Amino acid sequence: MTTDTSVDPNSLSSGRVSLARPPIRIVLADDSYLARVALTHLFEGVPAMLIVGECSDGEAVATVLDEQQADVLITDIRMPPSGHDEGIRLAARLRETHPALGVIVLSTYAEVAYALRLFEHGSDSRGYLLKDRIRDRQQIIDAVFTVADGGSVTDPTVVDELISSQMANTRSRLDELTPRELETLALVAEGRSNADIAEQLVLTKHAIEKHVNAIFAKLDLGDPDHVSRRVKAALLYLADRGTRPPTTAT
């Protein structure tokens, strides 16, 4: 398969990049030298982005991030020292030590459990993509823009796995939600807290808690852990968003 290494200049300037915005500073973390070379080549010629550092293990990442004043980290999911889920653990630690940093985790396989753990404490500034996406240069570039700006990216294959394995009747369950519950769920999917949602919708926090609990019950997520249910509900909404028309709460 031939990789398209060209970049549409319109896609880099349509609201995502301004002349006044400095390049997004990116650090790569992967124990595979070839993977780091491939990613470095991917960003060559993109003026809005700059590779400023590389790491081959999770222990060196924090130091390189600080030295290079990075904005985004792109990390493999499996690296030394653990060799298993180091990328997910690293993203969790960085949530505390580098809260403004965007993190994109690359995985060889669509691991739903890993994706849920990545978004466990908020989906803002986080992305989970399959390594195959490296073949689509524009998709990786768009993902970097998104997480750098505080948004989230979830690989469609991961969402498909979640839907097929746990929520075969998701659409019918989402149809059971009231307009206000759908509006609340949309804000949950943005990584908002109950307090933030209450302020946005001009409701009490208690009212939002009732809406969220009703959403969990109607979607029948089956997980007693509140955070996991919140993440699953958000992913289901994001998967369905493209086919559902906008709703207005009454």
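# Briefing on a predicted single-chain model

Lys131 is partly exposed, with 22% of relative accessible area. The model in which this lysine sits is a predicted one. Its chain holds 11 helices and six strands, and 45% of its 250 residues count as buried. The points below begin with the chain as a whole and then turn to salt bridges, a pair of helices and several loop residues.

**The chain as a whole**

- The accessible surface of the chain amounts to about 12,400 Å², and carbon and sulfur atoms supply 51% of that area.
- Among contacts in the chain with a separation of 6 or more, 69% are between residues 24 or more positions apart.
- The structure contains 11 salt bridges, three of which are described next.

**Salt bridges**

- Lys131 is joined through its side chain to the side chain of Asp30 by a salt bridge, with an N to O distance of 3.2 Å.
- Asp30 belongs to the loop between strand S1 (24-29) and helix H1 (33-43), and Lys131 to the loop between strand S5 (126-130) and helix H5 (137-148), so this salt bridge ties together parts that are 101 residues apart in sequence.
- The two partners are covered to unlike degrees: Asp30 counts as buried because its relative accessibility is 3%, under the cut-off of 20%, whereas Lys131, at 22%, is partly exposed.
- A second salt bridge links the side chains of Glu183 and Arg180, at 3.0 Å from N to O.
- Both Glu183 and Arg180 are in helix H8, where three residues, about one turn of the helix, separate them.
- Glu183 has a relative accessible area of 26% and is therefore partly exposed.
- A third salt bridge brings together the side chains of Glu190 and Arg192, with 3.2 Å from N to O.
- Glu190 is partly exposed at 45% relative accessible area, and Arg192 is also partly exposed, at 27%.
- Through shared partners, salt bridges connect Asp30, Asp76 and Lys131 into one network.

**Helices H8 and H10**

- Helix H8 (residues 179-189) and helix H10 (residues 205-219) have axes that come within 10 Å and cross at roughly 95°.
- That angle falls in the range from 65 to 115 degrees, which means that H8 is roughly perpendicular to H10.
- On the H8 side, the residues that meet H10 are Arg180, Glu181, Thr184, Leu185 and Val188.
- On the H10 side, Ile208, His211, Val212, Ala214, Ile215 and Lys218 meet H8.
- Sorted by class, the contact of H8 with H10 comprises six nonpolar, two polar and three charged residues.
- Arg180 thus appears twice in this briefing: it meets H10 from helix H8, and its side chain forms the salt bridge with Glu183.

**Loop residues with positive phi**

- Most residues other than glycine have a negative phi.
- Ser125, although not a glycine, has a positive phi of about 60°.
- Ser125 is located in the loop between helix H4 (112-118) and S5, and it counts as buried, with a relative accessibility of 8%.
- Val202 is not a glycine either, and its phi is positive, at about 55°.
- Val202 is located in the loop between helix H9 (194-201) and H10.
- With a relative accessibility of 71%, above the cut-off of 50%, Val202 therefore counts as exposed.

**Contacts around Gly151 and Leu101**

- Gly151 lies in the loop between H5 and strand S6 (152-154) and is partly exposed, with a relative accessible area of 23%.
- Although Gly151 and Asp124 are 27 residues apart along the chain, their C-alpha atoms are separated by 5.0 Å.
- With neighbours within four places in sequence set aside, Gly151 is in contact with Ser123, Asp124, Ser125, Arg126 and Thr146.
- Leu101 occupies the loop between helix H3 (86-97) and strand S4 (102-107), where it is buried, with a relative accessible area of 4%.
- Between Leu101 and Gln69, which are 32 residues apart in sequence, the C-alpha to C-alpha distance is 9.7 Å.
- Residues up to four places away in sequence aside, Leu101 touches Leu65, Ala70, Asp71, Val72, Leu73, Leu94, Ser125 and Arg126.
- Ser125 and Arg126 are listed among the contacts of Gly151 and also among those of Leu101.

How values were computed. Residues numbered from 1 in each chain as written. Predicted model: local features only at pLDDT ≥ 70, side-chain atom pairs only at ≥ 80, totals over all residues. Heavy atoms only, no water. Axes fitted to C-alpha atoms, helices over the stretch in contact; angles between N-to-C directions. Helix = DSSP H or I, 4+ residues; strand = E, 2+ residues; numbered from the N terminus. Parallel < 35°, antiparallel > 145°, perpendicular 65-115°, else oblique. Contact = heavy atoms within 4.5 Å. Nonpolar A, V, L, I, M, F, W, Y, C, P; charged D, E, K, R; others polar. Buried < 20%, exposed > 50% of the residue type's maximum accessible area, 1.4 Å probe, protein only. Areas by Shrake-Rupley, 256 points an atom, 1.4 Å probe, with all protein chains shown as cover. Salt bridge = Lys/Arg side-chain N within 4 Å of Asp/Glu carboxyl O.
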